[in-house]
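Please walk through this structure with me, from its sheets to the helices that pack on them and on one another. Keep the sequence and the 3D view side by side while reading.

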Protein chains: 2
Amino acid sequence: MRAEIVSIGTEITSGQALDTNSRWLAQELASLGIATAFHTTISDELADHVSAFKIALDRASLVITTGGLGPTQDDLTREAIGLVANVPLEEDAESWAAIVALFARRSRPMPERNRVQALLPRGATALANRVGTAPGVWMRTGGSTLVSLPGVPSEMKVMFHEQVIPRLREAGLARGATYAHKINLFGKGESDIEALALDLTARGRVPEVGITAHEATISFRITATGASEAEARLAAQPTIELIHARFGDLVIGEGDRDVPEALAMGLERANLSIATAESCTGGLISALLTTVPGVSRFFLGGVISYSNEAKSKFLSVPRGLIETHGAVSPEVAAAMAAGARERFAADLAISSTGVAGPGGGSAEKPVGLVYLGLATRAGVQTRKLELGPEQPREVIQKRAAKHALNWARLAVGK
Amino acid sequence: MRAEIVSIGTEITSGQALDTNSRWLAQELASLGIATAFHTTISDELADHVSAFKIALDRASLVITTGGLGPTQDDLTREAIGLVANVPLEEDAESWAAIVALFARRSRPMPERNRVQALLPRGATALANRVGTAPGVWMRTGGSTLVSLPGVPSEMKVMFHEQVIPRLREAGLARGATYAHKINLFGKGESDIEALALDLTARGRVPEVGITAHEATISFRITATGASEAEARLAAQPTIELIHARFGDLVIGEGDRDVPEALAMGLERANLSIATAESCTGGLISALLTTVPGVSRFFLGGVISYSNEAKSKFLSVPRGLIETHGAVSPEVAAAMAAGARERFAADLAISSTGVAGPGGGSAEKPVGLVYLGLATRAGVQTRKLELGPEQPREVIQKRAAKHALNWARLAVGK
């Protein structure tokens, strides 16, 4: 049982876009006990679709394609499946109704060309698209299973989870099981954490442990196998516990949980409210926190005090303090946090002030220098971060925002 | 003349690592006038190497592989080339001397197994590796050219630039040049824009025009070829001008420029200042705007008024207005924008209030309903967006924020 993933689009073959779908799908398939042997990427040429689909169906028993299901002339997947399976395309009434309903819900007129998205190769099953217009395709052909998904990652992921996994299980393609568990850490660099985990990440260890980094969050990925999911899960358990014990409060959570979710859970549990006062992060601390559903129960609001006037007016930062110490200083970070806590009547408040760059740095206050403030009932503290100077502006802003949220998480957890 | 890129490694097919080499190589080849038609990724299985190399050499006149040149048992590229070209492997004296010299320079003992890295298929040319141990391979076989490079990106890039490009030119494979130009649009859906561009995106058009969407920004990619880069650029020009003329103020910019950069440029040009008042976007309007360097020249700040108290206290929104119309209403959006404009003493202010979901929706005010406010010297206007209800919270927040910034961009441009 080997799988092949085919991603479609000239923007990928030409190098203008990076294919992230194939990696995601390979990980998902691995967790279902299915090994991916090939990834193929093809451009928007019909002949290449047909030959690549044939090669894939010949060497893999499961072929998953992404892309080419849109309404435009570049979108050739449906047509190619018809040619490969030697069947005509026919309009699928249910898919058509779903497309019409989607446009109605969005109160937008439906372009006539979207009608082609309801076409389905004869003998295929349409996979409903709950978040976009393009239905997917599930088809048995030449002894293999061909599954075509949209290229838009958000649509592709929902369709894979809701429509494909149950069918793979039903068809007996997802056999045995792999259990993958991700534990996320924040607060130390990847090499520091790796140095503490050499025994875990050693080649050949069972269960296998991988380490990855994304926006300063370090993740351990534990992959265990077993006859059933329960068995695989059981095999992973001792390693999961070992990581928790070894890394303590560097652990922010499991799965997709990153720093904002961890802070939100902590606030909820402790029944505390929070407010923000942002300068160099420009709203990002708040924006990250408000990606968490239900956050309005404890997030009262924030002030982005980009100008010195705003710092005084909205956060009661004394003008003299800014003149004496400069806007980027522990004193101003402390005053911003205290001001936000008081003005929003919040239990705690976090603040940021720094040099995000690329301009504005000096020998004394280089790009990447950020001061965070944290105001709680117990008083105000500040922290200094040095995130530059070689990092781009967006990286400095993101790291500063995550460090601020993480500091609040640790304060709430105590 | 079509190229194929083959990346090698089970860590990529399994999804544990992301392949970034293929994209980089495709971009480099495009700039040399060579179109990449296929990317293939294979795992560390010898039979898959052989069959994939054969398929690639059959359908492409230039095949570039990355990975599998290391000293371990997983490294099978040299062996596979020998099998495909039906030639033995022989030790290359120069490569062997280079490996010995590298270990001596690093003052490290040389493991005996590194000797396999000096093996070269008979008839091939070794490509010197200035920054690592594995030499690359350049070989003509079956009418095509096969180039094998290391998988480590830093080694692969140096070798491509120093060893491969001169040989491609010498062999007459790198002919002419390609010029790629991206124009970004915002404010209409992909299918609406495509419907207005059928003549441009038609298959076979010269120069070629592709269309892609990323976070509601729609991009046209114009790819023109010519004998030189100047000629290719000239060939793209009429199409670039046509797109600008046809899509008018839907065009937000070229290359990487998205809505925030376009608004920033407009504010700079018009010498206007801006402030924000955010509810459902939770700081994201400001965070997007402040990713632009130098934004402090015209961005004064913002208030994230997540609670009703914050709306009244920081933005002077009358309590009665919220009680009568609800926080998600055009009346409150207008009052928030007007309040922010006045309190920050800004030339213009934008506001958002809506239901980001997944909870909190009702029949009257469903998930995805967002009201934007725009306050200028001329007065206050509001706009209603329907972005749901099936979209995830983050998508609704991102689209609402980009629509708000885009509305301000259009207002500034007038």
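In which sense do strand 6 of chain B and strand 7 (residues 136–141) of chain B pair, and over how many bridges? They pair in the antiparallel sense over three bridges, and B:Leu127 stands opposite B:Gly136 in strand 7 of chain B. Two strands are said to pair if DSSP finds at least two bridges between them, while the strands themselves (E, at least two residues) and the helices (H or I, at least four residues) are DSSP runs, numbered from the N terminus.

This is a predicted model, in which local features need pLDDT of at least 70 and side-chain atom pairs count only at pLDDT 80 or more, whereas totals for chains, interfaces and linings use all residues. Residues are numbered from 1 along each chain as its sequence is written, and chains are lettered from A and ligands numbered from 1 in the order in which they are written. The pLDDT is the predictor's confidence in each residue, from 0 to 100; chain A averages 93, and 100% of the residues score at least 70. For the model, ipTM is 0.76 and pTM is 0.76.

Strand 6 of chain B belongs to an open sheet of 12 strands, with mixed pairing, whose order is 6(A)-7(A)-8(A)-3(A)-1(A)-2(A)-2(B)-1(B)-3(B)-8(B)-7(B)-6(B). Its edge strands are strand 6 (125–127) of chain A and strand 6 (125–127) of chain B, each of which pairs on one side only. On average, and with direction ignored, neighbouring strands of this sheet are turned by 20 degrees against each other; axes here are lines fitted to C-alpha atoms, for helices over the stretch in contact, and angles run from 0 to 180 degrees between N-to-C directions.

Where the two chains meet within this sheet, strand 2 (residues 35–42) of chain A and strand 2 of chain B pair in the antiparallel sense over five bridges, and the bridge partner of A:Thr40 is B:Thr40. Taking the interface as a whole, 66 residues of chain B are in contact with 65 residues of chain A, contact meaning that the C-beta atoms of two residues, placed from the backbone, lie within 7 Å. Strand 2 (residues 35–42) of chain B gives the most to the side of chain B that touches chain A, with seven residues. That side divides into 27 nonpolar, 29 polar and 10 charged residues, where Ala, Val, Leu, Ile, Met, Phe, Trp, Tyr, Cys and Pro count as nonpolar, Asp, Glu, Lys and Arg as charged, and the others, Gly among them, as polar.

Helices lie across this sheet as well. Helix 3 (residues 46–59) of chain B lies across strand 2 of chain A together with strand 1 (2–8), strand 2, strand 3 (62–66), strand 7 and strand 8 (144–149) of chain B, and runs at about 170 degrees to strand 2 of chain B. Helix 4 (residues 77–85) of chain B lies across strand 1, strand 3, strand 7 and strand 8 of chain B, at about 10 degrees to strand 7 of chain B.

A further open sheet, also with mixed pairing, has 10 strands in the order 17(A)-16(A)-15(A)-13(A)-14(A)-14(B)-13(B)-15(B)-16(B)-17(B). Strand 17 (379–386) of chain A and strand 17 (379–386) of chain B are its edge strands. Within it, six bridges join strand 15 (residues 348–354) of chain B to strand 16 (residues 369–376) of chain B, which run antiparallel, and B:Thr353 stands opposite B:Tyr371.

Elsewhere in chain B, strand 11 (residues 217–226) pairs in the antiparallel sense with strand 9 (residues 177–186) over 10 bridges, and seven bridges join strand 10 (residues 208–214) of chain B to strand 11 of chain B, again antiparallel. The hairpin of strand 10 and strand 11 of chain B has two residues between the strands, and B:Glu215 takes a positive phi near 50 degrees there.

Finally, consider helices packed on helices. Helix 2 (residues 21–31) of chain B and helix 6 (residues 153–170) of chain B pack at an angle of about 15 degrees, with their axes 11 Å apart. That angle makes helix 2 of chain B roughly parallel to helix 6 of chain B, since angles under 35 degrees count as roughly parallel, over 145 as roughly antiparallel, 65 to 115 as roughly perpendicular and the rest as oblique. Their contact divides into five nonpolar, one polar and two charged residues.
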